Each structure stands twice: as C-alpha cells, then as structure tokens.
Amino acid sequence: MKITDTIFFQRKLFITGRNALLLVLLGSCIEQFDPKVIAYQSVLIVDGYLSDKAEPYRITLSRSRALNNEEFLPELGASVSIIGSEGETYPLVEGDSGLYMSNPSEFVAMVEETYMLDIVTANGNHYQSDPVEVKLTPPIDSAYFKREQRISDDGLNLDGIKILVDAHDPTSGTHYYRYEWSETYETYLAYAAPWDYDSMAPDPRFPIKRKEVFAQVCYSSRRGNNILIADTDQLAEDQVSEFEVTYVSTEDYKLRTRYSILVEQFALDEKGFHYWSELKKNSESLGTLFDPLPYELRGNIKNVNDPDEAVLGYFDAAQSSQFRLFVDIDQLRDLTFPSTGCPNSLDTVALQDIPINLTRGRLISVLGPYPVQYVLMSPKRCADCRVYGSLEKPDFW
C-alpha cells in the first residue's frame, strides 16, 4: 500500500488554516484574515511490509514535504535491516529513490515468526518498529465482477464493472483484512502504422521509412494506491462478502480486449486495522468545517533515542493470499464503450502532398501497391500502442 507522503502535513497545515478561519467567523465578518503557513517539521515516512512470498521485500523511506512542494523527497543513505526473533539480521540493499530491498535468496519471512524493522538514517537517527508476527491469512474464496453504471466527478455517465472479493476464515480468527491489487490490460490498436515519416529521406518523393516494430498490441500495468480494509468483528461469521476492490470504467482501453487484476489479501491485527482505518479517514476527508479534525497519526515505528519524534508509517507482516481474475471482451457484450476518436482523426494524403505540419506526432500506413501514391496518416495515440504500455507480454498472460 503506497502511503501518500503529503497526508500528514497537508492535514496539519489544513488544521491551522481551518482554526484560523473559525476565529475569523467568530470574531468578525468584515476584516479579511490571511493565515500564515507555519514552517513544518520534516517527518520520516516508512512504507513497507513483510509477507511469506519468496520475492524482494520493499521498504521505501521518504520525508514529508511542504504543501506547495510536489517533489518526492527520498531518504537516502540509510541502513535498513530486518531483525528476527533470535536476533538474526537481514540487511536490505539501497536502490533508487529511497527504495530498500531484501534478497529473497537470503531471507524469506516465515509464517507465525516475529520480526522487527531497523533503520539507521544517514544522520545517525535510529528507528525501530514494534515486533510483528507474520499472521496467517485465509485464502480468497473468489474474485469476480459485476456491471455497474456510475456518475463521474464531472457529472458524466460511466459504464463499467466493479471488482468484488469474497473470503472467510472458518476458524473465526482473522476479523480484520487489508487488500492490495494490481491490474494489467491489453491495448489493441486497429490503425497501428508500420511506417514513420522520414524528414531526412534522400528521396523527397518517398519520405517514409519502415518502423523498427509494428506496435499494435501492448500491455499496461498499474498498482492501486487506495486503502482497502474490511472488518468482520461485529458479524456473526468471519466472512467478507462482495467487498469492492476497484471500479473499472470503459473510458479508456482497459476493458476493450482483455483485462486482468491480481488481488492480494492480508490479515491484520486490531492495532494494524486501527492504524489503516484512521489513515483512511484522514486521507479521504473532504476538509469541510463539519469534518472531524485530523490528528497526528503515529504507527508502530519509533525513534529509539527520542520516542516523542513523529514517524509516519506502519510496519506489518502477514501471509499473502492471492487471486487473479481475467475479464475478456466476450464477457462484456452489454457494456457501452465511448468512441476513441481515432476513426475521425485519420487523413488520406497523396504522397507528394504531405505537409510538414501534418506529420508532426503522426504515423503512416501505406495505401496501395508500389509505387506508393497515397498514405494514411494517424495520430500516435491511434497508431502506436507504446503510448499506453509495453510490447512485452506478461508471463501470466
């Protein structure tokens, strides 16, 4: 789950502004007051968890940023390790942009074992998480979709599908669940062009050259970044039913040929569920005068020498339960797809009449036999699928 590093201080600064606004409303409705944005404290942000999967574990370290700063601030040069219950230490290797990764050939977390995250930053500050147990996670019973029409933020009617999950724990020992997902979809372009315009062609009567690749089918992937948690503690059975993971609309190419989503389920304890629940409230608050005031949300990571220092993040560990769902176009015959606009963006042009301004950002399909007399010119978004993704087909496809 990716933690947005602006959540904590955007909220903190907003509280300052909102309290100032309340004072203005109570004191006077005439004199305008512009609250001063106070200097913020640089807070360490820790994002990562352990699972039982034999793959690199990823811990991302960064710093909070000012409200008007969009730059990601990675924490570089730190020493990051996983410490086992017997004191064994597994170091993580620093990569790019504050990312620290383990080596799966040296360390794979074991279910029901206990681990701590240990961090020493470049300036010598020492942080540790509380010990966490790799919790057993019940399997996902099923992931499936249902059609649903919705209204977009712009007031437009959307057609699409919602991805739903069912799960249960027959031992009634879980009660708290967290979900992550990653989607992959195939993009097929009917107007993919095998030719490019060549402004340096030696023969100006034939200013086209064959492309290196015929980019007609590509694959795009994306991870979800929303907080997804479920609670069955107050239910008669420890059962998750029709839990919505995400909504996929027909606005883009995701559902036009083939779509796949991998859903991961992780067990939480009550403390972890409380953290994610409060983080979800703070990050999704609308920020009106009637909302409850956000507060400094602390996880289970502390500065060893200064426990009062604020640290954002929650280090957790749980077995991973996965379910992959495929959705093919043949299953979506009742969905409505908006036009891509490509059929109206094509131009048939005589070869000798190709204007330079028409070639900018466009690709070419040759029409007719040699000698070539006409070409079909198309925008890149309609003729080169690499605009949307990669030519490399995923292994699971």
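E133 sits in strand β11, which spans residues 132-133. The model is predicted. With a relative accessible area of 40%, E133 is partly exposed, because the value falls between the 20% limit for buried and the 50% limit for exposed. E133 also belongs to a negative surface patch. The other members of that patch are E86, E112 and E113.

The overall fold contains 4 helices and 27 strands. The protein has 397 residues, of which 47% count as buried. Contacts with a separation of 6 or more are counted next. Residues 24 or more positions apart account for 70% of these contacts. The protein exposes about 21200 Å². Carbon and sulfur atoms supply 51% of that area.

L117 illustrates a buried position. The residue is found in strand β9, residues 114-120. The relative accessible area of L117 is 1%, so L117 is buried, the limit being under 20%. Leaving aside residues up to four places away in sequence, L117 touches V46, I59, V80, S81 and I82. The list of contacts also includes Y127, Q128, S129 and F315. P131 lies 14 residues from L117 along the chain, and the two C-alpha atoms are separated by 8.0 Å.

T232 gives a second buried case, this time in a loop. That loop runs between β18 (228-231) and β19 (239-249). T232 has a relative accessibility of 2% and therefore counts as buried. Beyond residues up to four places away in sequence, T232 touches H175, Y177, E237, D238, Q239 and V240. T174 is 58 residues from T232 in sequence. In space, the C-alpha atoms of T232 and T174 are 8.3 Å apart.

Charge pairing was examined next. Side chains of opposite charge can pair when their charged atoms come close. The count comes to 20 salt bridges. One of these joins D316 and K135, at 2.7 Å from N to O. The pair links distant parts of the chain, 181 residues apart. D316 is in strand β23 (residues 316-317). K135 is in the loop between β11 and β12, the latter strand covering 140-151. Both partners, D316 and K135, are buried.

A further bridge connects R147 and D334, with an N to O distance of 3.6 Å. This pair also links distant parts of the chain, with the two positions 187 residues apart in sequence. R147 lies in strand β12. D334 lies in the loop between β24 (321-328) and β25 (347-350). R147 is partly exposed, at a relative accessible area of 35%. D334 is likewise partly exposed, at 45%.

K53 and E55 form another salt bridge, the closest N and O atoms being 3.2 Å apart. The two partners fall into separate accessibility classes. K53 counts as buried because its relative accessibility is 16%, under the 20% limit. E55, at 35% relative accessibility, counts as partly exposed.

Salt bridges also join into a network. Its members are E148, R150, K162 and E244.

How values were computed
Residues are numbered from 1 along each chain as its sequence is written. This is a predicted model: local features need pLDDT of at least 70, side-chain atom pairs count only at pLDDT 80 or more; totals for chains, interfaces and linings use all residues. Side-chain values use heavy atoms; hydrogens and water are left out. Patches are made of residues with over 30% relative accessible area and no salt bridge: like charges are joined within 9 Å, nonpolar side chains (Val, Leu, Ile, Met, Phe, Trp, Tyr) within 5 Å. Accessible areas come from the Shrake-Rupley method with a 1.4 Å probe; for residues, only the protein chains shown count as cover. A salt bridge is a side-chain nitrogen of Lys or Arg within 4 Å of a carboxyl oxygen of Asp or Glu. Lys and Arg count as positive and Asp and Glu as negative; His and the chain ends are not counted. The place of a charge is taken as NZ of Lys, CZ of Arg, CG of Asp or CD of Glu. Buried means under 20% relative accessible area, exposed over 50%, partly exposed in between (1.4 Å probe, protein chains only). Contact means heavy atoms within 4.5 Å.
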